[in-house]
Amino acid sequence: MVFYFTSNVVDPPVTLFMGRDKYENEDLIKWGWPEDVWFHVDKLSSAHVYLRLAEGQTIDTVPKVVIEEAAQLVKANSIEGCKLNDVDVVYTLWENLHKTESMEVGQIGFHKQKAVKKTRVAKKDNLIINRLNKTKVEKEVDFRAERERRDKLERESKKQQFKKMEEARKLEEKQRKEEAELRSYSNLMKEEKMTSNKDGGSDSDDFM
């Protein structure tokens with residue numbers, strides 16, 4: 001079961017989601033998307049909250065208010081963190097998450113520590129949490145199927161892009177050849193005209 005929340009602080013609204021428990025967190029870690037941003041309370045147990053970036057968006061262009069909402073949701077779903085003030089929340093792209101067989105269920109590391117960002121939550125904001133909870137929807141998700149469907153669409157999109165690029169390249173090449181042939185024909189016509197003029201002049205000189 002995955003919990004989905006809608007954040008309406010931006011237009012269009014964005015969706016935040018998290019697994020029901022640490023076992024579903026494992027599936028989210030395994031079958032996450034490259035465009036997913038992962039949030040977690042730093043150094044404390046908490047839910048794993050995700051934000052899926054829109055096309056063309058990067059982790060650096062996510063609005064600050066959206067980061068704040070995700071951080072509030074993470075803090076509210078931390079047994080220890082929800083009771084504390086000045087809690088740090090770390091976030092990074094899914095592809096930076098590092099999982100090994102020796103790690104416990106729900107435990108995660110990072111490939112690059114420098115790629116991990118941090119934001120501080122001074123205190124729990126009940127207005128944000130209550131607003132998000134009103135949008136909460138529970139869904140059964142086949143994580144693997146969702147990822148495979150996403151990858152298939154990406155492959156098809158890349159094929160279409162490659163096809164368009166090839167068509168554009170062939171058209172450009174055809175136009176270059178036509179222009180080259182036209183220039184060659186024009187030069188040939190000039191040479192023939194010059195030869196004709198010379199011949200005409202020679203006949204005039206020989207006329208008695």
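**Exercises on strand β5 and the nonpolar cores**

In this predicted model, β3 and β5 form an antiparallel pair with five bridges.

**Exercise 1.** Determine which strands pair with β5, and name a residue facing Leu93 and one facing Val87.

*Solution.* Start with β3, whose pairing with β5 is antiparallel. Within that pair, Val37 has Leu93 of β5 as its bridge partner. Next take β8, residues 117–121, which also pairs with β5 in the antiparallel sense, over five bridges. Here Val121 in β8 is the residue opposite Val87.

**Exercise 2.** Decide whether β5 is largely enclosed or not, using the burial of its residues.

*Solution.* Buried means under 20% relative accessible area. Six of the seven residues of β5 are buried, so the strand is largely enclosed by the rest of the structure.

**Exercise 3.** List the contacts of Val89, leaving out neighbours within four places in sequence.

*Solution.* One group of contacts consists of Phe39, His40, Val41 and Asp42. Another consists of Lys117, Lys118, Thr119 and Val121. Ala71 and Val74 complete the list.

**Exercise 4.** Describe the largest nonpolar core: its residue total, its members that touch the most others, and its contributing elements.

*Solution.* The core has 27 residues. Those touching the most other members are Phe5, Leu16, Val37, Phe39, Val49, Leu51 and Val89. Two or more residues come from each of β1 (2–7), β2 (14–19), β3 (36–41), β4 (49–52), α2 (64–76), β5 (87–93) and α3 (126–133). Helix α2 supplies the largest share, six residues. Apart from this core lies another, of 12 residues, including Phe17, Leu28, Val90 and Ile108.

Conventions. Residues are numbered from 1 along each chain as its sequence is written. This is a predicted model: local features need pLDDT of at least 70, side-chain atom pairs count only at pLDDT 80 or more; totals for chains, interfaces and linings use all residues. Side-chain values use heavy atoms; hydrogens and water are left out. A nonpolar core is a set of buried Ala, Val, Leu, Ile, Met, Phe, Trp, Tyr and Cys residues joined through side-chain atoms within 4.5 Å. Buried means under 20% relative accessible area, exposed over 50%, partly exposed in between (1.4 Å probe, protein chains only). Helices (H or I, at least four residues) and strands (E, at least two) are DSSP runs, numbered from the N terminus. Contact means heavy atoms within 4.5 Å. Two strands pair if DSSP finds at least two bridges between them.
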